[in-house]
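Me: Hi! I'm new to reading protein models, and I'd like to go through one with you. Could you take my questions step by step?

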Amino acid sequence: MESSGGWISRNGIPILYGTQTGTARDVSEEIQRMLRRLGLKSRVFAMEDFDITTLPDQQFAIFVCSTTGQGEVPDNMKKFWRNLLNRRLPASLLSSLHFAAFGLGDSSYVKFNYAAKMLQNRLVQLGATPLVRRGDGDDQHAFGLYGDLFPWMKLLAGALSEYFPSIRGINIDDIPQELPPPRSRLALDQISGSTQNLLQFPGASAVRLVSNVRITAPEWEQDVRHVVFDTTGSNLSHNPGDVVWIQPKNSNEDVARFGKLLNLNLDSWITQIVPTADVSNDRFTGQENISDLLPSAALSIARSCPVRLWDAVVNYLDIAGTPKRFFFEMLSYFATDDLQRDRLRFFASQQGAEEMYDYSIRSRRSYMDVLADFSSARPPLEYLLEMIPLLQPRPFSISSAHSLRPNEIHVSMVVVRYKSYINRVKKGVCSNWLATLDPSQGNIIIPVWVKK
């Protein structure tokens, strides 16, 4: 593959994301798949994991970032952003860089996509050249972030064709869709015993649940809880306004349903997960860390191996989450029913964006709901680990003062239950899981993070 410089031919265009909930990573991987279909190599990095000292040497880069709070950059972008704001950086530092930026936000907020706007302005101040206009993914759009993502990706492909002659004149929609190789290979076995290596959540502190009390009357329709965690030995501290992020678990009911839908033996054990040879040979030099090569859920499970499949699904797969476009595209490859396959492909297309948004996102269908609706599509476990994202921690405001209770974190929590657009009862994964826990029945340890 030709390129404008040696770096691209060796490693690919870096796609850097800043995210709070994982959506920016999903978008980055969507862009990566487009580039791969065009024959262009790329690598996806969290901004905090990218060596910013190499940025002046790049000829191309793509940035995807969300905006959190009141126009703030997400946590895993903060270090990168601080370095980029260094006043001693020369105005010509990034004069060799051609870049594209896509922001994720909600236009109902005054500082809509503020992080992406600030990032683009700063890159231009340092001499970088935009390839295309900034993309603005908007939760308020009728199609959600896809309302601008698809048009923006086409603009990006056109802009890159000016530097890569082999893709000139190519329409992305005309490229035949082929099932890509799985990004991971896993080994299953039958082992007796219990999983020993859970709680593999980087940066998390293990705290103990000591109280979980309903504070609304039993007859009141809304269940509000006062939850207390003992932080002794964790070195956690917090200030007014700080937030505790709690790593949830899927309910036993959901896990059993998921296993039944896919005919999985949830008592089997995953003993090893490694990147496939096709992935490392196709896109990378072979010298990367495993975290660069594995999907996020597969990586977390790999760190816990050997792990019982039941425990892997309970702790790591967001099976109650809402599927995005990529899930429908991948699911279509495994549908044996022609009508279901065509429907899935339509949902994954730009023409089907409105119906996909209505069916999945607006209606709050889960991965399990979609698998039940498209019963002829049953992907192998290797593919499921990249089709279903990592179960993400949930944020809760801290309702206690560290100065008064230095070894405790208190949370006042609403147990989320509601009816969706299609009149189905939906439950918040984290709050409903916490509501079931009784600290008097044993030692309950939960991974948490405290953030500003």
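Me: What is the order of the strands in the open sheet of 6 strands?
Reply: Happy to help! Helices (H or I, at least four residues) and strands (E, at least two) are DSSP runs, numbered from the N terminus, and two strands pair if DSSP finds at least two bridges between them. In this sheet the pairing is antiparallel, and the average twist from one strand to the next is 40°. The edge strands, each pairing on one side only, are β13 (394-397) and β14 (408-414). The full order is β13-β10-β17-β8-β9-β14.

Me: Before we go on, how should I treat the numbering and the values?
Reply: This is a predicted model, in which local features need pLDDT of at least 70 and side-chain atom pairs count only at pLDDT 80 or more, while totals for chains, interfaces and linings use all residues. Residues are numbered from 1 along each chain as its sequence is written, and side-chain values use heavy atoms, with hydrogens and water left out.

Me: Which residue in β9 stands opposite Arg208?
Reply: Look at strand β8 (residues 205-214) and strand β9 (residues 224-230), which run antiparallel and are joined by 6 bridges. Across from Arg208, in β9, you will find Asp230.

Me: Which strands are at the edges of the open sheet of 3 strands?
Reply: The order of this sheet is β7-β11-β12, again with antiparallel pairing. Each edge strand pairs on one side only, and the two are β7 (184-189) and β12.

Me: How many bridges join β7 to β11?
Reply: These two strands run antiparallel. One place to look is Ala187, which stands opposite Gln272 in β11. The number of bridges joining β7 to β11 is 6.

Me: And which residue in β12 is the bridge partner of Trp269?
Reply: β11 and β12 pair in the antiparallel sense over 2 bridges. Ile270 stands opposite Val307 in β12. For Trp269, the bridge partner is Arg308.

Me: At what angle does α9 run to β11?
Reply: Axes are lines fitted to C-alpha atoms, for helices over the stretch in contact, and angles run from 0 to 180 degrees between N-to-C directions. Helix α9 lies across β7, β11 and β12. Its angle to β11 is about 125°.

Me: Which peptide bond is cis?
Reply: Go to the loop between α9 (296-304) and β12 (307-308), where Pro306 lies. The bond in question has omega near 0°. It runs from Cys305 to Pro306.

Me: Are α12 and α13 roughly parallel or roughly perpendicular to each other?
Reply: The axes of helix α12 (residues 338-348) and helix α13 (residues 353-362) come within 7 Å and cross at roughly 105°. Angles under 35 degrees count as roughly parallel, over 145 as roughly antiparallel, 65 to 115 as roughly perpendicular and the rest as oblique. The two helices, α12 and α13, are therefore roughly perpendicular.

Me: Which residues in α13 are met by Arg343, Phe346 and Phe347?
Reply: Contact here means heavy atoms within 4.5 Å. The three residues you name belong to α12. Their partners in α13 are Glu355, Met356 and Tyr359.

Me: Which helix gives the most to the largest nonpolar core?
Reply: A nonpolar core is a set of buried Ala, Val, Leu, Ile, Met, Phe, Trp, Tyr and Cys residues joined through side-chain atoms within 4.5 Å. The largest one has 89 residues, and Ile31, Trp152, Leu160, Phe258 and Ile270 have the most contacts inside it. With 9 residues, the helix that gives the most is α5 (residues 146-161).

Me: Is Asn113 buried or exposed?
Reply: Buried means under 20% relative accessible area, exposed over 50%, partly exposed in between (1.4 Å probe, protein chains only). Asn113 is in the loop between β4 (98-105) and α4 (114-125), and has a positive phi of about 50° although it is not a glycine. Because its relative accessibility is 1%, Asn113 counts as buried.

Me: Is Asn263 buried or exposed?
Reply: Asn263 is found in the loop between α6 (252-262) and β11 (269-275). Its phi is positive too, near 55°. Because its relative accessibility is 71%, Asn263 counts as exposed.
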